[in-house]
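Q: I have this one open now. Can you walk me through how it is put together?

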There are 2 protein chains.
Amino acid sequence: MTTSKSYYSLNGQPIADSLPLNLLDDRGLSYGHGLFESILMHQSTLPLVNRHLDRLNRGANAVGIPIKSDLIYNYVQLFLEQLKGESISQGVVKVIVTAGVGGRGYKSPDTIEARVVCSYSNLPKGIEDYRNQAINVRFCKHRLPINQPLAGIKHLNRLDQILARNEWTCDNYHEGLMFSESGHLIEAVSGNIFVKLADCWLTPCVDQAGVSGVMRSLMLEEIFPACGIPLYVKPISMCELAESQSLLLCNSIKGLAEVGSVDNHDNQLFKSLPIDEQTLMLRRKLIELYPQYQ
Amino acid sequence: MTTSKSYYSLNGQPIADSLPLNLLDDRGLSYGHGLFESILMHQSTLPLVNRHLDRLNRGANAVGIPIKSDLIYNYVQLFLEQLKGESISQGVVKVIVTAGVGGRGYKSPDTIEARVVCSYSNLPKGIEDYRNQAINVRFCKHRLPINQPLAGIKHLNRLDQILARNEWTCDNYHEGLMFSESGHLIEAVSGNIFVKLADCWLTPCVDQAGVSGVMRSLMLEEIFPACGIPLYVKPISMCELAESQSLLLCNSIKGLAEVGSVDNHDNQLFKSLPIDEQTLMLRRKLIELYPQYQ
């Protein structure tokens with residue numbers, strides 16, 4: 001089922017749309033001092049919740065927000081119960097963790113009291129096409145800055161993604177490919193990427209720029225190994241992208257997408273890609289192990 | 001007078017702490033899709049409001065938030081009236097502009113309805129020392145990323161400043177100096193910088209990284225010229241910093257500060273600086289034209 005009603009919880013307590021919650025002094029709003037996770041809900045469970053909370057933990061450490069993973073796990077479980085009570089069993093659970101009150105100066109307060117907000121939304125539009133069609137993508141002009149301490153983290157500073165995503169308004173493209181300031185392919189606006197060359201599969205490093213996606217780690221650690229397909233993590237140049245034989249995008253909500261064509265910044269065809277046997281194998285394996293991505 | 005009570009307005013309407021305002025789906029919180037200005041209030045006026053609103057306008061254009069400057073000017077004036085009604089005549093008025101509702105995906109909604117929040121705070125602690133003493137500063141390890149489309153803008157993505165500011169917790173330092181990924185001196189954590197060499201004054205470009213400060217523009221366009229002191233905008237290397245004869249920091253709330261000593265990342269002295277005649281002249285001129293910085 002889909003719903004247009006909003007559901008929220010704050011630190012495990014259900015809150016209503018109209019309930020007072022003053023976020024005007026929250027460091028999340030003031031500075032983007034916080035993190036988020038968008039978690040796929042399937043049959044009233046969150047199958048990849050542990051991977052999401054692991055990343056949240058690493059991010060919290062990087063941006064100096066003390067959190068307790070088991071507490072957040074409990075808040076999320078309580079929110080699932082809240083949704084179950086509303087007969088909602090699938091969709092997206094978003095968890096935002098902010099550094100809490102303290103918007104007067106960049107220095108963190110001596111004691112940070114993190115806020116954990118859970119919210120619910122329906123599955124995104126276009127999810128079936130993403131999973132079942134060869135999708136069209138394009139280059140983004142906006143470059144991801146090199147920022148080692150913040151790379152990999154799903155933090156609340158997302159202007160780079162916003163600028164990139166707003167480069168196109170037509171419905172022709174499912175995704176945009178983002179490059180770093182140094183010219184390397186890094187990721188899609190809302191997902192990670194795998195590139196098949198003549199003799200191997202590659203995925204970009206995300207230790208200088210980009211997000212370390214939950215689906216990326218699943219593919220790296222489980223799906224590629226389970227298929228017996230070697231995959232290497234390394235910087236990927238424009239030349240390598242031009243020589244690619246297959247491109248895969250992934251996103252922990254939408255799953256896995258095969259790229260059919262890549263357009264450049266001017267919407268001119270850069271490359272079209274044939275159906276790839278290994279890609280089909282990877283998708284089958286993913287669905288076998290994680291049927292929520294069917 | 002100082003106050004610990006909070007004052008806010010939303011789109012020109014006063015709101016109370018306890019009034020419901022759902023920011024959980026606001027793009028400001030979700031992605032930092034917004035801007036802010038902290039404006040010095042002096043005798044119930046905002047002497048530099050036009051410079052702040054000009055920058056806000058440029059930023060809104062850069063991050064794709066349609067705003068009307070005269071409308072925001074009106075909101076700010078209404079907020080000043082609100083504060084006057086509470087007998088508050090000095091302090092800081094902070095204006096946050098967000099891209100409004102729409103936290104489900106990076107793509108901006110077809111129609112953005114910007115939210116304009118005004119809030120009040122007391123003058124920051126240490127402001128007298130900043131204006132009247134030679135202050136101590138230190139290097140920050142965290143580097144500012146190169147990001148031309150977002151450089152200069154006072155947007156809500158401030159994790160770089162947070163990481164830099166949290167590098168020290170002791171009270172020995174008033175400010176931290178930030179360098180870019182490319183190794184150039186860019187700014188202080190909360191202000192801009194002017195460097196006196198043997199034969200000229202320099203201030204860093206902020207077209208690749210950093211914030212184009214309101215006080216920086218005032219110094220560039222009015223104060224240096226009024227003193228007949230040439231000032232050049234150019235990239236500044238660590239060598240040039242090492243050879244500097246005087247360093248000035250500025251911030252539109254705190255005013256102008258002369259740097260007495262610079263420590264490196266390990267809190268070891270990098271450089272101490274003598275009192276400088278031209279610096280005194282610049283400060284006198286600033287106070288003459290803008291007595292709020294007395």
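A: Let's start with how the copies meet. This is a predicted model. 100% of the interface residues of chain A are also interface residues in chain B, so the copies meet through the same surface.

Q: How many residues of chain A are in contact with chain B?
A: 43 residues of chain A are in contact with 43 residues of chain B.

Q: Which elements of chain A supply at least two residues to that side?
A: Helix H1 (27–31), strand S5 (115–121) and helix H5 (159–165) of chain A each do. H5(A) gives the largest share, with 5 residues.

Q: What does that side look like by class?
A: The side of chain A that touches chain B has 20 nonpolar, 17 polar and 6 charged residues.

Q: And the symmetry? What turn lays chain A on chain B?
A: A turn of 180°, with a shift of 0.0 Å along the axis. The RMSD is 0.0 Å. That is the relation of a two-fold axis.

Q: OK, switching to the sheet in chain B. What is the strand order?
A: The order is S2-S1-S5-S4-S3 in chain B. These 5 strands form an open sheet, and the pairing is antiparallel.

Q: Which strands are at the edges?
A: Strand S2 (13–15) and strand S3 (34–41) of chain B. Each of them pairs on one side only. From one strand to the next, the twist averages 25°.

Q: How many bridges join S4 and S5 of chain B?
A: There are 7 bridges between strand S4 (residues 91–98) and strand S5 (residues 115–121) of chain B, in the antiparallel sense. For instance, B:Lys94 has B:Ser119 in S5(B) as its bridge partner.

Q: Which helix packs on the sheet touching S3 and S4?
A: Helix H2 (residues 49–62) of chain B. The direction of H2 makes about 175° with that of S3(B). Helix H3 (residues 69–85) of chain B packs on the sheet too, touching strand S1 (8–10), S2, S4 and S5 of chain B. The direction of H3 makes about 30° with that of S5(B).

Q: Back to chain A. At what angle do H2 and H6 pack?
A: Helix H2 (residues 49–62) and helix H6 (residues 214–227) of chain A pack at about 115°, with their axes 10 Å apart. The crossing is right-handed.

Q: Which residues meet there?
A: From H2(A), A:Arg51, A:His52 and A:Arg55. They meet A:Val214, A:Ser217 and A:Leu218 in H6(A). By class, the contact has 2 nonpolar, 2 polar and 2 charged residues.

How values were computed. Residues numbered from 1 in each chain as written. Chains lettered and ligands numbered in written order. Predicted model: local features only at pLDDT ≥ 70, side-chain atom pairs only at ≥ 80, totals over all residues. Axes fitted to C-alpha atoms, helices over the stretch in contact; angles between N-to-C directions. Helix = DSSP H or I, 4+ residues; strand = E, 2+ residues; numbered from the N terminus. Left-handed = near helix turned anticlockwise from the far one by under 90°. Contact = placed C-beta atoms within 7 Å. Nonpolar A, V, L, I, M, F, W, Y, C, P; charged D, E, K, R; others polar. Least-squares fit on C-alpha atoms with pLDDT ≥ 70 in both. Pairing = 2+ DSSP bridges.
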